[in-house]
Each structure stands twice: as C-alpha cells, then as structure tokens.
Amino acid sequence: MKIAVLDDYQNVALDYADWDSLGAEVEVFTKPFEDPADVVARLRDFDVVVAMRERTRFPAEVLDRLPSLKLLVSTGHRNAAIDVAAARRNGVVVSSTGYIAAPAAEHTWALILAAARNVPVESKNMREGGWQTTVGTILSGKTLGLLGLGRLGAGAARIGQAFGMETIAWSQNLTREKAEPHGVAAVSKDELFARADVLSVHLVLSDRSRGLVGAPELAAMKPTAMLVNTSRGPIVDEAALVDSLRRKEIAVAALDVYDVEPLPAEHPLRTLDNVVLTPHIGYVTRETYEIFYRDAVEDIAAFQAGSPIRVME
C-alpha cells in the first residue's frame, strides 16, 4: 500500500502518529500542488491519500483520474473540497477524523487582541530599537458582532463577554431563542454591521455565505471598526475588503483565511498597514494534529482490515 500525506507545510505529520504500524510506504508532500493536473500527476499511483483539511481540492475531474486511489482520508469532520459523490462513484471510500474547535476560537482572539493593541507593529519596532509608536484601543464596553453563532461563534462570544463586551449576532437562521442561552442578542444583518466595533466571521462556506460580506456591508460599518475572519476567505469579498481598507472605510482587518491559499506573495493584502495577517493557523496546534494524524492512521488500519470507519456520506 502506498500512502500520500498531503500539504504537511511544517513537515511534522510523521511525528504525530504511528505510521510504521501500517506496514505501508508513506510519502509526505510539504508543498502545495500547482493545479489539478499536478495533483493527478503526483498522486496517480497512490492507494491512500490523507488530505489536510481543504488545502488540496478533489473535484470529480481529479478523482476520475486517480485509478489507484481506494481511500481518501480528510482531517476534520467535513471537507467542502472533496466531491464525495464522485469519490463513491469511483469506488473510493472517504473517511474523516476528529476535530476540536477550541483552537480556532482562541486564534480569533489572538487576532483581535493583536489588532486592537497593534502588537505586530510594536513587536517589529521593539526589535528595531524603537519604543511606543502607536495608540491602541480597549475592548471592554465595545460591541462584538458575530456573523454566525454556531459552536465557534458561541465560543468567541464567551471570550468577548469575559472582556466586558456586548455581544450581538446574526445569521440567516438565527433566532432570539437560539441566541439568548449564549448571552447574545440576535439582531438584523443591517444592525450587526452598523453596531459592531469588532465583527467576527463564524460561518461555514456555502453558496449562501459566499461573498456575504461585500462592499455594501463594509460601507455600513463604523470607520473605527475591525473585521476578523478565521472562517473561510470567500465569505468576505476580498477585492471589496482591500478597497475598503485602502480608503480607511474600516480601521483594520485581522485575517487568517483567504480566497487563494497559500496567499500569493504579491497579494495586495500583504502591502496594507491596517491588516493583521496569519497563514491559516487557527487550527494548527499540537493537540489538533495529534487528533488528525492519529485518527488518519486508525482510518487506514480499519480500511486495511476491511471495515472502514468514520465514513463520510
């Protein structure tokens, strides 16, 4: 059996599970593929592929051209980058792994605090011999607006409340009854954008949420407001966001996710001084990787034994 472990950017996958127990040939890919043709060319001889989240896409056009593939393991509970129906049509089993939400909620607040107190700028200045060049803002007494109040949004709300923030939220299906147990007020979409001092995105990417935060929504925000996205890049219209930041329509954005990942070196977001950027590391923790790769090995062992587990439908 030949196993490909994909998109292990930090080259750590083999450290987090007992891959030797599988008695298989394991090859780790540490760089992203260039395009679908590259995916096919590099993976066509592998029996098993372990995909890290949605870093590599597996649409029908790719799955139809991987004749050796029998098992596709995706880290996490869901993976919108995999055409599960096409996999099933090609006789490929798709299995998932466990996941923990806490790291993403924590990273949301790492970004919020970094942006509010200008941590990246001041850290850089300190290393260069400088001292106190910016003026920050407090969070206590401000309004945290949550675009989505699922597990991650609710976790972010609790932390905001600990900072003394008022918490409000909106999503297409959110009701007052669903929001109240979290100490959050359900508001209209217009009110969310108008009132939020910090607006944090916590929606799953879908046809309904794609581009949900566009030019009109950004224009409705306070000029002192912060936009935070640790969910999925395409939920926010990236071109509109860049334009809004350039024109100082909002004060700052704090981003962990992007339309194209890795973010191209020449992307305009990299040049703006009112953006805090991290490279999609909201879930990248030791604890998460231990779950991802341990469960991946379990999935493969179960498949080898003829009884696949955690199969995606």
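User: What makes strand E11 and E12 a pair?
Analyst: The bridge count. Two strands pair if DSSP finds at least two bridges between them. Three bridges join E11 (residues 252-255) to E12, so the two qualify as paired. They run parallel. In E12, Val276 is the bridge partner of Ala254. Note that this is a predicted model: local features need pLDDT of at least 70, side-chain atom pairs count only at pLDDT 80 or more, and totals for chains, interfaces and linings use all residues. Numbering runs from 1 along each chain as its sequence is written, and side-chain values use heavy atoms, without hydrogens and water.

User: Which strands make up the sheet that holds E11 and E12, and why are two of them called edges?
Analyst: Seven strands form this open sheet, in the order E8-E7-E6-E9-E10-E11-E12, with parallel pairing. E8 (185-186) and E12 (275-277) are the edges because each has a single partner strand, so one side of each lacks a neighbour in the sheet. What counts as a strand? A DSSP run of E, at least two residues; a helix is a run of H or I, at least four; both are numbered from the N terminus.

User: Which helix packs on this sheet, and how do you know?
Analyst: Helix H10 (residues 238-246) touches strand E10 (226-229), E11 and E12. Touching means contact, with heavy atoms within 4.5 Å. The direction of H10 makes about 140° with that of E11. Such angles run from 0 to 180 degrees between N-to-C directions, on lines fitted to C-alpha atoms, for helices over the stretch in contact.

User: What makes Pro262 and Asp7 worth a look?
Analyst: Most residues other than glycine have a negative phi, and most peptide bonds are trans. The bond from Glu261 to Pro262 is cis, with omega near -5°. Pro262 sits in the loop between E11 and E12. Asp7 has a positive phi, near 50°. Asp7 belongs to the loop between E1 and E2.

User: What order do the strands take in the sheet with E1 and E2, and which stand at the edges?
Analyst: The order is E2-E1-E3-E4-E5, five strands in an open sheet with parallel pairing. E2 (25-28) and E5 (93-95) stand at the edges: each has a single partner strand, so one side of each is without a neighbour in the sheet. From one strand to the next, the twist averages 15°.

User: How many bridges support E1 with E2, and E1 with E3?
Analyst: E1 and E3 are joined by three bridges and run parallel. There, Ile3 stands opposite Val48 in E3. E1 (residues 2-5) and E2 share four bridges, also in the parallel sense. Val5 has Val28 in E2 as its bridge partner, and Lys2 has Glu25. Helix H11 (residues 286-304) packs on this sheet, touching E1, E3 (48-51), E4 (71-74) and E5. The direction of H11 makes about 160° with that of E4.

User: Why is the space lined by Asn229 and Leu269 called a cavity?
Analyst: A cavity is a set of points, on a 1 Å grid over the protein atoms alone, where a 1.4 Å probe fits but cannot get out. The count comes to one cavity of 30 Å³ or more. The largest has a volume of about 50 Å³, which means the space filled by probe spheres set on points joined across faces, edges and corners. Its lining residues (an atom within 4 Å of a point) include Asn229, Gly233, Glu238, Tyr258 and Leu269.

User: How many lining residues are nonpolar?
Analyst: Six are nonpolar, two polar and one charged. Nonpolar covers Ala, Val, Leu, Ile, Met, Phe, Trp, Tyr, Cys and Pro; charged covers Asp, Glu, Lys and Arg; the others, Gly among them, are polar.

How values were computed: 1 Å grid on protein atoms, 1.4 Å probe; cavity = no way out; pocket = protein on both sides within 12 Å on 5 of 7 lines; lining within 4 Å.
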